[in-house]
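Visitor: I should like to study this model through its ligand surroundings, its helix packing and its backbone. Would you guide me?

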Amino acid sequence: MTATILDGKATKNAIYEDLRARVAALAERGRTPGLATVLVGDDPGSHAYVRGKHNDCAKVGITSIRRDLPADTSQAEVEAVLAELNADPACTGYIVQLPVPDHLDAGRLLELVDPAKDADGLHPINLGRLVLGEPGPLPCTPRGIVELLRRYDIPLAGANVTVVGRGVTVGRPLGLLLTRRSENATVTLCHTGTKDLAAEIGRADIVVAAAGKAHLVTADMVKPGAVVLDVGVTRTEDGLAGDVHPDVLEVAGFLSPNPGGIGPMTRAMLLTNVVEAAERAAGTA
Ligand SMILES: Nc1nc(=O)c2c([nH]1)NC[C@@H]1CN(c3ccc(C(=O)N[C@@H](CCC(=O)O)C(=O)O)cc3)C=[N+]21
């Protein structure tokens, strides 16, 4: 048996068809959305991701604004750029690309983003809204995971979902999203302190691997027919490696690969957050 591939790239393109029309409607009213990225330093991976986001903006008609800053930019200088973006009406949403260099206080930067322009859904106020079940922008990767499953008609209600990784951008908010009444999944959140990872993965209907550890999830751990989402990625000597071992393809019922899975969905949800915020601001949502 070979798993059915959950194609994040094709799904992203389908989402962009819909967004293109919504952006055109906003543009007609003089409300073209604008996404800005703040990128500090010269990490090649981060540059590639940011490039992808701007290419996507061009595809759907969103104005893109780039603020690329040298690696030695001071905390005060980055904060000044955020203040500018908060005040700029052409920028309706923006992100601070993570990770930032060590001398910067990432938490402080995320707090300075205007919550109404928080395209990543990572401002403490918006994370608080998620905890409280109030409307607001949702973190892009968790939202992309839920959206990909929905579009493939994979049911979440009552499903046992094992999430591996408790990071602030994926694991933790994903647990919150999946346990809302509207999703109604039962979530086990695993991390480095988990006693028996293989057992937690083995009883899951859906496994989300987001630990950033190459080939952490192996075929022997996965229940035959389970849905497996490979979210983590690591640079190794042999190139990029996902958190899921390639052999899992033979055991799983559905597999979201890396690349080609949740990465493109993350970008699609970033643009969706920007369009939704612009619609809210224009009073059309
Ligand atoms: N503030 C912030 N927000 C983020 O959303 C954010 C971040 N920082 N820092 C880094 C991670 C990583 N991330 C990815 C997005 C898309 C792909 C993606 O589209 N990957 C393609 C392959 C690469 C490509 O085609 O360029 C794929 O998986 O098929 C990957 C990784 C967002 N992140």
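**Ligand shell, helix packing and backbone**

Visitor: Which elements each supply at least two residues of the shell around the ligand?
Guide: This is a predicted model, in which local features need pLDDT of at least 70, side-chain atom pairs count only at pLDDT 80 or more, and totals for chains, interfaces and linings use all residues. Residues are numbered from 1 along each chain as its sequence is written. Helices (H or I, at least four residues) and strands (E, at least two) are DSSP runs numbered from the N terminus. At least two shell residues each come from helix H2 (44-60), strand E4 (93-96) and helix H9 (262-282).

Visitor: Which element gives the largest share of the shell around the ligand?
Guide: A residue belongs to the shell if its C-beta atom, placed from the backbone, lies within 6 Å of the ligand. There are 16 such residues, the closest being Gly52, Leu98, Pro259, Gly263 and Thr266. The largest share, 4 residues, is that of H9.

Visitor: How many residues of the shell around the ligand are charged?
Guide: Asp, Glu, Lys and Arg count as charged; Ala, Val, Leu, Ile, Met, Phe, Trp, Tyr, Cys and Pro as nonpolar; and the others, Gly among them, as polar. The shell has 8 nonpolar and 6 polar residues, and its charged residues number 2.

Visitor: How are H2 and H9 oriented to each other?
Guide: Axes are lines fitted to C-alpha atoms, for helices over the stretch in contact, and angles run from 0 to 180 degrees between N-to-C directions. The axes of H2 and H9 cross at roughly 55° and come within 10 Å. Angles under 35 degrees count as roughly parallel, over 145 as roughly antiparallel, 65 to 115 as roughly perpendicular and the rest as oblique. H2 and H9 are therefore oblique.

Visitor: Is the crossing of H2 and H9 left-handed or right-handed?
Guide: A crossing is left-handed if the near helix is turned anticlockwise from the far one by less than a right angle, and right-handed if clockwise. By this rule the crossing of H2 and H9 is right-handed.

Visitor: Which residues make the contact of H2 with H9?
Guide: Residues are in contact if their C-beta atoms, placed from the backbone, lie within 7 Å. H9 provides Arg267, Leu270 and Leu271, while H2 provides Gly52, Lys53, Asp56, Cys57 and Val60.

Visitor: At what angle do H6 and H7 pack?
Guide: The axes of helix H6 (residues 140-151) and helix H7 (residues 171-178) are 8 Å apart. The contact joins Pro142, Ile145 and Val146 of H6 to Pro173, Leu174 and Leu177 of H7. The contact residues comprise 6 nonpolar, no polar and no charged. The packing angle is about 45°.

Visitor: Where does Pro99 lie?
Guide: The peptide bond from Leu98 to Pro99 is cis, with omega near -5°. Pro99 is in the loop between E4 and helix H4 (106-112).

Visitor: Where does Pro259 lie?
Guide: A cis peptide bond, with omega near 5°, runs from Asn258 to Pro259. Pro259 is in the loop between strand E11 (254-256) and H9.

Visitor: What is the phi of Asp153?
Guide: Asp153 is in the loop between H6 and strand E5 (160-164). Its phi is positive in a residue other than glycine, with a value near 55°.

Technical notes. Two residues are in contact if their C-beta atoms, placed from the backbone, lie within 7 Å.
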